[in-house]
Amino acid sequence: MLLTFSQEIQAADTERRIVSGLIAPYGEIGFTSAGPVMFERGAIAIPDAAKIKLLMQHQQDKPVGRAISFSDSTEGVYGSFKLSSSTRGQDALVLAQENLVSGLSVGVDVTASKPMKDYLLVTAAVLKEVSLVESAAFSSASVTDIAAARAALEAATSTSTKTTTINTTIVEIETETESEDVMTTAPEITPDIPAEAPAEAAPLEASRQIIRPSVLDSQRVRTPIVSMGAYTEHKIRAALGNDDSKLYVTAADDSFSTNPGFNPTQYLTEFPTNTRFGTPSIDACSRGTLPANGMTINVPALVTSAGGQSGVAPVVTVEAEAGAVQNTGMVTEYLSGTVSKYSGMNTISIELLERGYGDGNFFSELTNQLQNAYLKTLDTTVNAALITAGTVATTAQAATSAGIIGYASEAARLVYEATGYFANNYIANGAQWQLLTGAVDTTGRPIYSSSQPMNAGGLVQPGSIRGNVLGLDLYVDKNFAATTVVDDSAIILAPEAFTVYQSPQAYMSVNVVSNLQVQVAIYGYMATIAKMPKGIIRYNFT
């Protein structure tokens with residue numbers, strides 16, 4: 001299993017061409033290319049640090065540097081990387097310094113792991129590569145130092161004590177932890193110049209100019225009345241007959257609706273969306289590693305008709321003394337899964353990418369939305385496959401608390417008798433979730449949504465799509481085809497009965513030369529296999 005995920009760059013030293021940061025945290029759940037994952041402390045092995053290359057966007061043919069050191073701590077693995085002096089390396093360094101490329105993304109080859117309830121615990125993995133990416137998947141790290149910028153300011157301060165005429169431009173150096181504005185131009189000071197004083201010092205500039213993310217930097221108030229003093233001045237000028245001042249005063253005496261220059265529009269960095277959700281149906285199933293090659297996968301299996309397949313198991317019989325031994329042939333079969341590609345694309349103008357306000361925020365939000373759409377399609381596909389492969393519960397149940405209890409108890413028996421495994425997971429649509437949340441006993445007390453119920457039937461809360469119902473782990477999924485409490489509005493299963501084989505997701509961007517647009521795409525591969533259909537029990541509505 002090849003996993004990729006990213007952390008924010010913690011430092012960028014342009015003088016030594018070094019970037020560094022926490023590349024793999026321990027004990028922290030993060031969403032990787034294969035879903036929620038946590039790394040056990042000491043799980044990541046680095047056989048030869050000198051051979052680890054620093055890539056751009058996980059493109060193997062575009063290395064921009066090489067690792068110089070790694071360190072292991074209680075928080076995770078830290079790494080430092082030296083960028084090359086090539087054009088690609090220089091571009092990568094500038095992007096990292098200006099916080100346009102703010103993430104260090106690692107690629108690891110998982111050699112040992114354990115599936116937990118909500119995530120995959122990786123116990124052993126080998127580091128393959130590290131890449132610079134646009135944004136980080138974890139928020140535990142932040143930019144703490146930009147050495148070149150700090151050095152420029154110190155040099156400017158030092159030079160100002162040695163010259164008699166100061167004409168220094170101080171450029172604002174922006175870090176994630178700063179909140180104060182820095183003066184953009186120092187006032188000129190011209191003391192008496194002694195005869196032996198040197199000529200005027202050349203202006204000093206910091207290594208780079210940072211464009212502050214404020215719309216006020218690109219807007220100018222067209223009226224000169226920007227203060228009470230200016231208003232008084234033009235009031236007097238208007239009284240003396242100045243026509244321009246009459247117009248300015250008239251505008252200032254009006255309202256915001258006719259004078260928008262006094263009320264500039266403020267653009268925030270918030271981005272409300274209702275597209276993020278997750279993959280509840282996939283999380284309720286067992287997970288497998290998708291092979292790197294081929295569009296069909298086969299799994300040898302022995303599942304008899306009791307579990308929903310046509311295999312034949314060996315039989316052992318009791319025989320009398322000196323009786324003949326029964327010969328029973330075992331029949332196995334291959335369970336097949338088709339590998340399908342899932343992809344999406346968005347076309348962006350070069351103007352929006354290069355000149356759009358937000359310092360790269362649009363591209364980050366676009367990739368987030370592509371990822372959300374990708375995961376939604378995968379989860380909807382798995383939910384539909386579970387419905388198709390599953391077995392309808394024998395007894396029809398009403399949409400009541402008693403019906404839920406009857407469904408869960410019968411499904412637990414059917415799953416165990418058919419597979420030998422236990423029914424652990426309960427996938428419900430929104431209507432079933434509502435039924436569970438509103439369930440009460442004969443005295444009107446909540447059954448599942450109470451924090452301290454008298455009869456602990458489980459725990460279902462309005463603020464979480466995860467819960468517990470009669471000992472089953474609850475997964476609420478809005479991607480069901482059924483939207484009310486009807487047939488197939490819930491699924492109870494043993495995770496071992498259905499396996500999802502998923503590849504890491506990848507991004508691809510292509511420049512369209514004819515119109516200078518950029519096409520950004522996300523894609524990945526997935527296959528599913530219903531190993532024991534009778535271990536998947538669908539809700540049967542009365």
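The legends below describe close-up views of a predicted model.

**View 1. The protein as a whole, with its nine helices and 26 strands.**
In this predicted model, buried residues account for 38% of the 542 residues in the protein. The accessible surface of the protein comes to about 29,600 Å², and carbon and sulfur atoms contribute 54% of that area. When contacts between residues at least 6 apart in sequence are considered, 72% of them join residues at least 24 apart.

**View 2. The open sheet of seven strands.**
The strands follow one another across this mixed sheet in the order S17-S26-S22-S18-S21-S20-S19. Strand S17 (391-392) and strand S19 (458-459) each have a single partner strand and stand at the edges, so one side of each is left without a neighbour in the sheet. At the S17 edge, the pairing with strand S26 (residues 536-538) is parallel and comprises two bridges, and Val-392 has Arg-538 of S26 as its bridge partner.

**View 3. Helices H8 and H9 against the strands.**
Helix H8, which spans residues 401-419, lies across strand S18 (425-428), strand S20 (466-469), strand S21 (472-476), strand S22 (490-493) and S26, and it runs at about 35 degrees to S22. Helix H9, made up of residues 430-437, lies across S18, S20, S21 and S22, with an angle of about 110 degrees to S18.

**View 4. Gly-390 in the loop that leads from helix H7 to strand S17.**
Gly-390 belongs to the loop between helix H7 (361-389) and S17. With a relative accessible area of 10%, Gly-390 falls under the 20% limit and is therefore classed as buried. Leaving aside residues up to four places away in sequence, Gly-390 touches Pro-533, Ile-536 and Arg-538. For one of these contacts, that with Ile-536, the C-alpha atoms are 4.6 Å apart in space although the two residues are 146 apart in sequence. Arg-538 also takes part in the pairing of the adjoining strands, as the bridge partner of Val-392.

**View 5. Strand S5 and its two pairings, with S4 and with S11.**
Strand S5 (residues 35-39) is mostly covered, since four of its five residues are buried. Strand S4 (residues 30-32) runs antiparallel to S5 and is joined to it by three bridges, with Thr-32 having Gly-35 in S5 as its bridge partner. Strand S11 (residues 120-133) runs parallel to S5, again through three bridges, and here Val-37 stands opposite Leu-120 of S11.

**View 6. Salt bridges within helices H4 and H8.**
The whole model contains seven salt bridges, among them the pair formed by Lys-246 and Asp-243, whose closest N and O atoms are 3.9 Å apart. Both of these residues lie in helix H4 (residues 243-252), three residues apart, which corresponds to about one turn of the helix. Lys-246 is partly exposed at a relative accessible area of 39%, whereas Asp-243, at 54%, counts as exposed. In helix H8, Arg-413 forms a salt bridge with Glu-417, and their closest N and O atoms are 3.1 Å apart. Arg-413 and Glu-417 are separated by about one helical turn, because they are four residues apart in H8. The relative accessible area of Arg-413 is 40%, making it partly exposed, while that of Glu-417 is 51%, making it exposed.

**View 7. The salt bridge between Arg-445 and Asp-441.**
The side chains of Arg-445 and Asp-441 meet at an N to O distance of 3.4 Å. Arg-445 has a relative accessible area of 38% and is partly exposed, and Asp-441, with a relative accessible area of 26%, is likewise partly exposed.

**View 8. A nonpolar patch on the surface, formed by Leu-352, Leu-353 and Phe-362.**
Leu-352, Leu-353 and Phe-362 together present about 220 Å² of accessible area in this patch. Leu-352 is part of helix H6 (residues 350-355). The relative accessibility of Leu-352 is 37%, so this residue counts as partly exposed.

Definitions and conventions:
Residues numbered from 1 in each chain as written. Predicted model: local features only at pLDDT ≥ 70, side-chain atom pairs only at ≥ 80, totals over all residues. Heavy atoms only, no water. Pairing = 2+ DSSP bridges. Contact = heavy atoms within 4.5 Å. Axes fitted to C-alpha atoms, helices over the stretch in contact; angles between N-to-C directions. Patch = residues over 30% accessible without salt bridge, like charges linked within 9 Å, V, L, I, M, F, W, Y side chains within 5 Å. Areas by Shrake-Rupley, 256 points an atom, 1.4 Å probe, with all protein chains shown as cover. Salt bridge = Lys/Arg side-chain N within 4 Å of Asp/Glu carboxyl O. Buried < 20%, exposed > 50% of the residue type's maximum accessible area, 1.4 Å probe, protein only.
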